[in-house]
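Open the model in your viewer and keep the selection panel at hand. The tour goes stop by stop.

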Amino acid sequence: MQFDFVKRWLSRIVAALAISAVYLYGYPTATISYFVLDLLHVAIGIVLTILLVFYVARLRPRETLLARLGWISLAAGALLGVVLIKIGTPLRLKPWLYAHIVLCVLGTLFLATSWLFSKGWLGDGVIARGLGFAALTVLIAGIAAGTWWTREVAWKNANRISNPLMPAETMDGEGDGPQGKFFPSSAQTKHGGNIPSKYFMKSDACQRCHADIYKQWDSSMHHFSSFNNQWYRKSIEYMQEVAGVRSSKWCAGCHDPALLYSGLFDTPIKQIVDRPEARAGLGCLMCHSIVQVKSTMGQGDFFLEYPKLHELAASENPLVRRLHDFIVRLNPEPHRRTFLKPFMRADTAEFCSSCHKVHLDVPVNHYRWIRGFNEYDNWQASGVSGQGARAFYYPKSPMNCADCHMPQVPSSDDGNVDGLVHSHRFPGANTAVPMANQDQAQYEFAKKFLQDKQLSVDIFAISPAGKETNAPVRNEIGRPEIATTFAVGEESDISLPKGPAGEVRAITAPIDRTDAAGRRGDDARVDVVVRTRKVGHFFPGGTVDAFDVWLELQATDEKSQVIFWSGKVEDDGKGPVEPGAHFYRSLQIDGHGNPINKRNAWATRSVVYVHLIPPGAADTAHFRLHIPENAGDKITLHARLNYRKFSWFNTHFSFAGVEADKTRAGDIGTATTPDYDDRKWAFNGDTSKVSGNIKAIPDLPITIIAEDTKTLRVLPRGAPAPQPKTASTKEDWTRWNDYGIGLFLQGDLKAAAAAFEKITEADPQNPDGWTNIGRVLVQEGDTAGARKVLEKALAINPRLARTNFFYARALKEDGEYDGAMTHLRTVLEQFPRDRVVRNELGRVLFLEKRYADAVKEFEQTLSVDPEDLQAHYNLMLCYNGLGDDAKANEHKARYLRFKADESAQAITGPYRQAHPEDNNERQAIHEHVSVVLTSAQTKKPAPSRAPAQGVVPERAGPGGSK
């Protein structure tokens, strides 16, 4: 009787545990009821284990073999469960959890089958019982599979990032709109209200389980995103002074969660800058509380959720904390689902785009829609993402943001996978904040990242200089139609010149393969190629109006004479970069032609130039070298790609900038409006209360990202002029390709084609040479020539996507629409998310008056980028063709919103006249000359740099040139 009693209760307990297990596994949620059930499951499981040990040890002979197997399997599963109560079920122990589940499921299956046999419900014959057992097995397997699908597949499908097909007509339609608490940031909270500031300030609670990650984050730029960063602090103080507090919420959505989402940001920052909330930065619970990303349009376009149970983890009561930690270690899944949504891993780049892509509009800039910095679109359209069909280069496998900026590092933290976690130092290019914080480890980490072969420099070619110092192919840089302060790459068609452009020069290249020489008294053009190698977005990225990034070229002879120097840093290496340097930046100006150099992008009214290098591409810079009569017999050329974050002017302004001619306190006068700031600035302000450990203007380091050295022979003045000579080998094909890419992107089409031809001479079986020649000829409008060379590439590789695209474009220009569509569909089979290809196919369908089919293609484009200008323009035309005026007008409104204001270029005229060096840099093809050098000047090591103070007019360029 005692055994029967125990057996009955065992059966009931097993049934209860089975039901609770299905719920616990299939529907994990961070709720009190779930945690209570979890604890009940544990408690009942312990009781079951005790009873099973008693019962299994005394199994009666009359128990069937199937029942014995069931009880033994259950006992093994229960004992393993007790062990898991002790050690927990983190990722590294997941196999033991599944072993526990499998043993218990098998035990339950065997016992259920034995019980049904004893009742005769499965029949009497062997076949009937076998079929019954099979049916029961299928039933339990179905329940298990359904529970797994609910837990894994349904959960992931419900947490993906997708775009709306129709963006808002104005910024008022973004986020919560003008009446929202956080507007003009697009960020929203799930409950529509504020979130207590302390929630974002409890990162230290995370380190109990994630000590390594916490330590990494503690030095990271995410931690120093707010007013513990003097550069950011000054930019917001300045913005609120000139443009008001409300507009600065546009920044706070991604920089200041403890202030914005608690309501504290309604107060001017100068009044609360010393509060701990102002220095919390982006803590763990900012990124990890994002429960939905609404689009890839950026601007903080996400929903935050406030999980009240976090108070258990952050409780000051040690017993409450221990209970919380026990439950999380026992069953981490609810914790993981609360703070690690599937899109954070499956859609990593789209997740990052919510803050690393921005636009400005009337509520922010009092002007109109303008694209700000944008790391996502150019990555998405490039070869690095594996989604772009037309890239020059592709990595071995596609890469996303985390591959570079959150690399895996060894760790024993809970949640590690095979002893690795993703680094939360977020390695990037910010060397300034670690210097201000005197954080040597973080500085070295950033420096190492910058110098990890991210880019390369190649002093490649030399040729006789022409008579003109600057002989551009065209007067202006071709501009994409979209309104932007950032560069536009393969996510859109760049407006390169149509028709033949450029010239074929008599070059000697590569310099190191051809024993290159120059003659005393002559001028020579030296071409230096900078290529992005491990950069997945434009270089430089981020706020490209605020850095000093430039290519320096120095020439010295064996007598230590410096005979050429472009890109010299003034004040013996501690001041601004000389204004004639070859910069990589966005040079923007306000309504009165003052440069945007105070992180005041909201005042941008026009762009003088944007000069960035796309991912997997190159830039070719040109320098006019004069070889003096007193030069030695050998010239050493040394090129450096230099990086200083932040620019000289911006750093001095951020730490000590005060108005130079201010007449009375609190009056910013008529010299300043949200459209312009005509004031002059002195750098002698009080630095005793600045953020950071250095209470002075920091002397920021200049990091050499990449460099190259080549030598030239020097011939006597009376010697015959050096004859051009080229060498092309298979080993050097990428060097010729890089050189040609840089020329092509400048619009120097003839010279680019000549460079690409060297690839075909060295290796006729390399399809890239033929493809890139075809790319040039299509741009020139020579469709017959393009088809000829592209057919050679297709003969080598008929499926090569980029070749098919340019061949399709040539066919379209020739009116062969069916052929063009065939090749475009070949491309889309491989790269379905390439927007330019989608738009091209849609355009061909439009030309054939297949408007409904064209609409489908353009809507595919909008699913990738709802702000795609060409898609909205063509959808406007398609719906006009279909007679749907309402939809045509909807897309017309978006087209007009995103389209550039061409008249704004008129503002650049006076600025370019006053700044000839910037006007030179604006030209598509231009040369750089040396700074003035004395005949006695010799090469010296860069001296140590110290802070400098003084008065600088507002019209100083972003690099700080005076």
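At what angle do the axes of helix 8 and helix 24 cross? Select helix 8 (residues 230-243) and helix 24 (residues 648-656): their axes come within 9 Å and cross at roughly 75°. Helices here are DSSP runs of H or I with at least four residues, strands are runs of E with at least two, and both are numbered from the N terminus. Axes are lines fitted to C-alpha atoms, for helices over the stretch in contact, with angles from 0 to 180 degrees between N-to-C directions. That crossing makes helix 8 roughly perpendicular to helix 24. The classes are: under 35 degrees roughly parallel, over 145 roughly antiparallel, 65 to 115 roughly perpendicular, the rest oblique.

Before moving on, note the ground rules. This is a predicted model, where local features need pLDDT of at least 70, side-chain atom pairs count only at pLDDT 80 or more, and totals for chains, interfaces and linings use all residues. Residues are numbered from 1 along each chain as its sequence is written, and side-chain values use heavy atoms, leaving out hydrogens and water.

Now show side chains. Gln230, Trp231, Lys234 and Tyr238 of helix 8 contact Asn650, Thr651, Phe653, Ser654 and Phe655 of helix 24; contact means heavy atoms within 4.5 Å.

**Next: helices 30 and 31**

Select residues 817-830 (helix 30) and 835-847 (helix 31). Their axes come within 10 Å and cross at roughly 155°. Helix 30 is therefore roughly antiparallel to helix 31. On the helix 30 side, pick Tyr817, Met821, Leu824, Arg825, Val827 and Leu828. Facing them in helix 31 are Val837, Arg838, Glu840, Leu841, Val844, Leu845 and Leu847.

**Next: the sheet**

Which strand order does the open sheet have? Its four strands run 8-10-16-23, with mixed pairing. Two strands pair if DSSP finds at least two bridges between them. The edges are strand 8 (455-464) and strand 23 (927-928), each pairing on one side only. Select strand 10 (residues 523-532): strand 8 pairs with strand 10 in the antiparallel sense, over nine bridges. Label Val457, whose bridge partner in strand 10 is Val530. Then add helix 25 (residues 733-746), which lies across strand 8, strand 10 and strand 16 (618-626). Helix 25 runs at about 85° to strand 16.

**Last: the disulfide**

The whole structure holds one disulfide, defined as a pair of cysteine sulfur atoms within 2.5 Å. Select Cys254 and Cys355: their sulfur atoms are 1.9 Å apart. Cys254 sits in helix 9 (residues 249-255). Cys355 is in the loop between helix 17 (348-353) and strand 4 (357-360). The two cysteines are 101 residues apart, linking distant parts of the chain. The link is left-handed, with -85° about the S-S bond.
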